[in-house]
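Please read the following note alongside the sequence and the model. The points are numbered so that each may be checked in turn.

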Amino acid sequence: MFVEDMEKLFNFEQIYENYLKVRENMLGIDLGPAFALDNDALEVLLGKFRDRKQNYPDLAFWLLFDLRKWDIAESGGEEEVFGQKFSTLKSFLRLVHPDYLVPYLQWGQAAYQVNAKRLIKPEPMRSSYRVSIPMKVKNGEYHWFSQHVTVTQVDTEGRLMSHLNTYYREGRWSAHNLRPFEGCLQLNDNLENTVLEHNLFQMMAPYILDEFTNKELELLKKYAAGLSGNDILEEKKWSKHTLHEYNSNVLKKAKHIFQFDFRNAKEFALYCKDRSFIS
């Protein structure tokens, strides 16, 4: 399918309403004054990024996201990459590849929920979230960008107030060289990052599991437990056609969620088990 066709098949405004407004209502309230970094320290940090060509020559663009306003507070470099200024968060999101917009928002919301549920207390400049996304550059092509989200300000309760997003080019996006789309949380201290990874996957699991019917989830759990297709046919007394239909539906949904063609339903089930989406 051509990119132009894909862009016609989704409703950007509806997606924005479903995910961004829910997130705004849940997290953008009752934030106290900045505990760290203070505003002077933040201004010093931003001054370095305003002169990014001198200080960070490999950086493609950057933005500061303010959770109190739930929008972009400042940005730089995007005009050279995309041919436009990011006046709002919407203007940024409109450039994300349409197939990746919902997964991108879901993973981002899951990362916020790790903080909102107090599973971690992030420290400014020591806590980060990373994900790679394809975005449309000014020549009309989609290119991969590695997004690094670094906590800049928290209030006295450890709630996020702002974060700095930095973006680095990773090459042209191609439908022939894909990997499962997923995010990564990291703390630059002695805490085991596998704990953060588990917390993020735990927050993401409902988005994934809600896509599947009870019978499809049952099938995935059986594959994850090591059963083969023949084992399942014998246990469930299904026809081969029925199993094939379930497998096909599972793989279609897996492609929608992760933007990756898993070889078969069992491979997807094992991937979900490894990520703790299913047990």
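1. Which residues of helix H9 (residues 214–224) are buried? The structure is a predicted model, and in it the buried residues of H9 are Glu216, Leu217, Leu219, Leu220, Lys222, Tyr223 and Ala224. Glutamate and lysine thus appear in this list beside leucine, tyrosine and alanine. After H9 comes glycine 226, which has a positive phi near 105 degrees.

2. Strand E2 (residues 61–66) deserves attention next. Of its 6 residues, 6 are buried, so the strand is largely enclosed by the rest of the structure. This applies to both faces of E2. One side carries Phe61, Leu63 and Phe65, the other carries Trp62, Leu64 and Asp66, and all of these residues are buried.

3. The partners of E2 should be considered together. With strand E6 (residues 160–172), E2 pairs in the antiparallel sense, over 6 bridges. In this pairing, leucine 64 lies opposite leucine 164 of E6. E2 also pairs with E3 in the antiparallel sense, here over 5 bridges. Aspartate 66 lies opposite aspartate 71 of E3.

4. The hairpin of E2 and E3 has 4 residues between its strands. Tryptophan 70 is located in the loop between E2 and E3. Its phi is positive, at about 50 degrees, although tryptophan 70 is not a glycine. Is tryptophan 70 buried or exposed? Its relative accessibility is 4%, and tryptophan 70 therefore counts as buried, the limit being under 20%.

5. Two further places in the backbone should be inspected. The peptide bond that runs from alanine 36 to leucine 37 is cis, and its omega is near -15 degrees. Leucine 37 belongs to the loop between strand E1 (34–36) and H3. The second place is serine 276, in the segment after H12. Serine 276 is not a glycine, yet its phi is positive, at about 65 degrees. With a relative accessibility of 38%, serine 276 counts as partly exposed.

6. The packing of two helices forms the next point. Two packed helices are described by the angle between their axes and the distance between the axes. For helix H11 (residues 240–258) and helix H12 (residues 265–274), the angle is about 50 degrees and the axes are 9 Å apart. How are H11 and H12 oriented to each other? The two helices are oblique, because an angle of about 50 degrees falls outside the ranges for roughly parallel (under 35 degrees), roughly perpendicular (65 to 115) and roughly antiparallel (over 145). Their crossing is left-handed.

7. The residues that meet between these helices can be located in the model. H11 contributes Asn247, Val250, Leu251, Ala254 and Phe258. H12 contributes Ala265, Phe268 and Tyr271.

8. Charged side chains should be examined as well. Side chains of opposite charge can pair when their charged atoms come close. How many salt bridges does a search of the whole structure find? The search finds 18 salt bridges. One of them joins the side chains of arginine 50 and glutamate 74, with an N to O distance of 2.6 Å. This pair links distant parts of the chain, as arginine 50 is in helix H3 (residues 39–50) and glutamate 74 is in strand E3 (residues 71–76), 24 residues apart. Arginine 50 counts as partly exposed at 38% relative accessibility, and glutamate 74 also counts as partly exposed, at 23%.

9. Two other salt bridges may be compared with the one above. Glutamate 267 and arginine 263 meet through their side chains, with an N to O distance of 2.8 Å. Glutamate 267 counts as partly exposed at 23% relative accessibility, whereas arginine 263 is exposed, with a relative accessible area of 69%. In the salt bridge of aspartate 274 and arginine 275, the closest N and O atoms are 2.4 Å apart. Aspartate 274 is exposed, with a relative accessible area of 55%. Salt bridges with shared partners also join Glu13, Lys90 and Arg94 into one network.

Key
Residues numbered from 1 in each chain as written. Predicted model: local features only at pLDDT ≥ 70, side-chain atom pairs only at ≥ 80, totals over all residues. Heavy atoms only, no water. Salt bridge = Lys/Arg side-chain N within 4 Å of Asp/Glu carboxyl O. Buried < 20%, exposed > 50% of the residue type's maximum accessible area, 1.4 Å probe, protein only. Pairing = 2+ DSSP bridges. Axes fitted to C-alpha atoms, helices over the stretch in contact; angles between N-to-C directions. Left-handed = near helix turned anticlockwise from the far one by under 90°. Contact = heavy atoms within 4.5 Å.
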